[in-house]
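Q: Please take a close look at the largest nonpolar core of this protein. Which residues have the most contacts inside it, and which elements give two or more residues to it?

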Amino acid sequence: PTYLSTLFKKQYGMTPMKYLLNIRVERAKELIRSQPDIPLHEVAQLVGYDDPHYFSRIFRNTTGLAPSEFRSAAPNADPSKEDV
């Protein structure tokens with residue numbers, strides 16, 4: 001496990017746990033933007049967190065905003081459907 005973690009960090013510049021955390025937060029941001037009516041506790045569950053309070057803390061530490069603040073600040077349009 002230590003060797004794998006070392007190789008991973010050399011390749012990606014972060015630990016495997018930090019990488020997973022970033023993927024989960026980015027997916028949560030996508031869900032919040034594309035489905036503004038989905039409850040935040042469901043967003044937490046969909047990205048792999050059983051505890052919505054823990055999810056909120058991780059989200060805030062990563063983005064600087066609570067999920068509810070991010071929802072208020074995020075445009076409600078689906079980014080994949082924007083005009084080019």
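A: What follows describes the core and then its setting in the chain. This is a predicted model, in which local features need pLDDT (the predictor's confidence in each residue, from 0 to 100) of at least 70, side-chain atom pairs count only at pLDDT 80 or more, and totals for chains, interfaces and linings use all residues. Residues are numbered from 1 along each chain as its sequence is written, and side-chain values use heavy atoms, with hydrogens and water left out.

The largest nonpolar core, meaning a set of buried Ala, Val, Leu, Ile, Met, Phe, Trp, Tyr and Cys residues joined through side-chain atoms within 4.5 Å, has 15 residues, and those with the most contacts inside it are Ala28, Val43, Val47, Tyr49, Phe55 and Phe59. Two or more residues come from each of α2 (16-34), α3 (40-46) and α4 (52-63), with α2 giving the largest share, five residues. Leaving aside residues up to four places away in sequence, Val43 touches Ala28, Leu31, Ile32, Ile38 and Phe55, where a contact means heavy atoms within 4.5 Å.

As for the setting, the protein has five helices and zero strands, helices being DSSP runs of H or I with at least four residues and strands runs of E with at least two, numbered from the N terminus. Buried residues (under 20% relative accessible area, with exposed over 50% and partly exposed in between, for a 1.4 Å probe and protein chains only) make up 23% of the 84 residues. The average pLDDT is 90, and 89% of the residues score at least 70, whereas over residues 77-84 the pLDDT is below 50.
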